[in-house]
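Biologist: I'm new to this one, so could you walk me through it?
Modeller: Gladly, let's have it in front of us first.

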Amino acid sequence: MDTNEKKPLQKVCIICAKGSLEDVYASLVMANGAVMEGIECKVFFTFFGLDAITKKQMKKLHTGTVGNPAMRMPGGLPFPTLLGAIPGVEAGVSAMMRSQMEALDIPKVDEFLEMITAGGGEIYACKLAMDMFKLTKADLHEEVLDVLTIGQFYELADGDRTQIIFT
Amino acid sequence: MTQITIAGQSVDLTDEGYLTDASQWNKEVAVELAKTEGFELGDDHFKVLDFLRDAHAKGETLTIRKVGKSGIVDIKGLYKLFPGGPLKFSSKFAGIPKPTSCV
């Protein structure tokens, strides 16, 4: 028997639990990349990750400017945490990140969700986190297919060539 | 790299089956390449291939978003035309290199 036979991924289940710009985009890029490669894809948004699919929040995701040692000034100098604490700095940095993404043809969050579902990907929200944040399905973007418990999400993750990715 | 003969023309392919020289492409080559992946190309497919070849000739980096905004086909339609690899398969049949973008 050939043990080196390639077994490509069939399905990825991505869990997005954080609401910062970079964490949400990590999930979205992976999800869209999966459907583009013909890999079945389910994305589950939970806790602060719900911001990415909440109509009110999804257009103004921020990247944290405090406590991020990899944060640099344009030009490469270190970015002091205290500077990041000044009101408006986080919004400015986030706007800059967004404009740089736009320049690379990376879509906005709502358009990205549409691209993923256009390719057959499915978007879900976490029931427990929805209850915690007092959100209803009506607060969520139209591309969200359903609100699930974690048990239901695991049911979607069946198959021996399936991976669960947590970001 | 391998060399095959399609419709009387010899064509150079990478190991993954992409043309190494976009100028060796013609419609018959596209049809034959598509057959190897189980696709039957129609007019709608060729509209996309023409767009990709034009954009590639201009040196643009291609994304499915760009194709979706081209006015030829939306992203959903692109997935319908090339299921399982909207940019991968269309690039292959258009005779341009394997896409390198992540979106």
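Biologist: Is A:Ala70 buried or exposed?
Modeller: A:Ala70 sits in the loop between S2 and helix H2 (81-84) of chain A; helices (H or I, at least four residues) and strands (E, at least two) are DSSP runs, numbered from the N terminus. Its relative accessible area is 57%, and buried means under 20%, exposed over 50%, partly exposed in between (1.4 Å probe, protein chains only). A:Ala70 is therefore exposed.

Biologist: Before we go on, what kind of model is this?
Modeller: Residues are numbered from 1 along each chain as its sequence is written, and chains are lettered from A and ligands numbered from 1 in the order in which they are written. Local features need pLDDT of at least 70, side-chain atom pairs count only at pLDDT 80 or more, totals for chains, interfaces and linings use all residues, and side-chain values use heavy atoms, with hydrogens and water left out, for a model that is predicted.

Biologist: What separates the C-alpha atoms of A:Ala70 and A:Glu40?
Modeller: Along the chain, A:Ala70 and A:Glu40 are 30 residues apart. In space, their C-alpha atoms are separated by 33 Å.

Biologist: And A:Phe44, is that buried or exposed?
Modeller: A:Phe44 belongs to strand S2 (residues 40-45) of chain A. Its contacts (heavy atoms within 4.5 Å), leaving aside neighbours within four places in sequence, include A:Ile14, A:Tyr124 and A:Phe153. With a relative accessible area of 2%, A:Phe44 is buried.

Biologist: Which helix gives the largest share of the largest nonpolar core?
Modeller: A nonpolar core is a set of buried Ala, Val, Leu, Ile, Met, Phe, Trp, Tyr and Cys residues joined through side-chain atoms within 4.5 Å. The largest has 74 residues, and those with the most contacts inside it include A:Phe45 and B:Leu41. Its largest share, eight residues, comes from chain A, from helix H1 (residues 21-36).

Biologist: Why is chain B called as compact as a globular protein of its length?
Modeller: Chain B has five helices and two strands, in the order β-β-α-α-α-α-α from the N terminus. The globule rule, 2.2 Å times the number of residues to the power 0.38, is set beside a radius of gyration taken over C-alpha atoms. For 103 residues the rule gives 13 Å, so chain B is as compact as a globular protein of that length, its radius of gyration being close to that at 13 Å.

Biologist: What percentage of chain B counts as buried?
Modeller: Chain B has 103 residues. Of these, the share that counts as buried is 46%.
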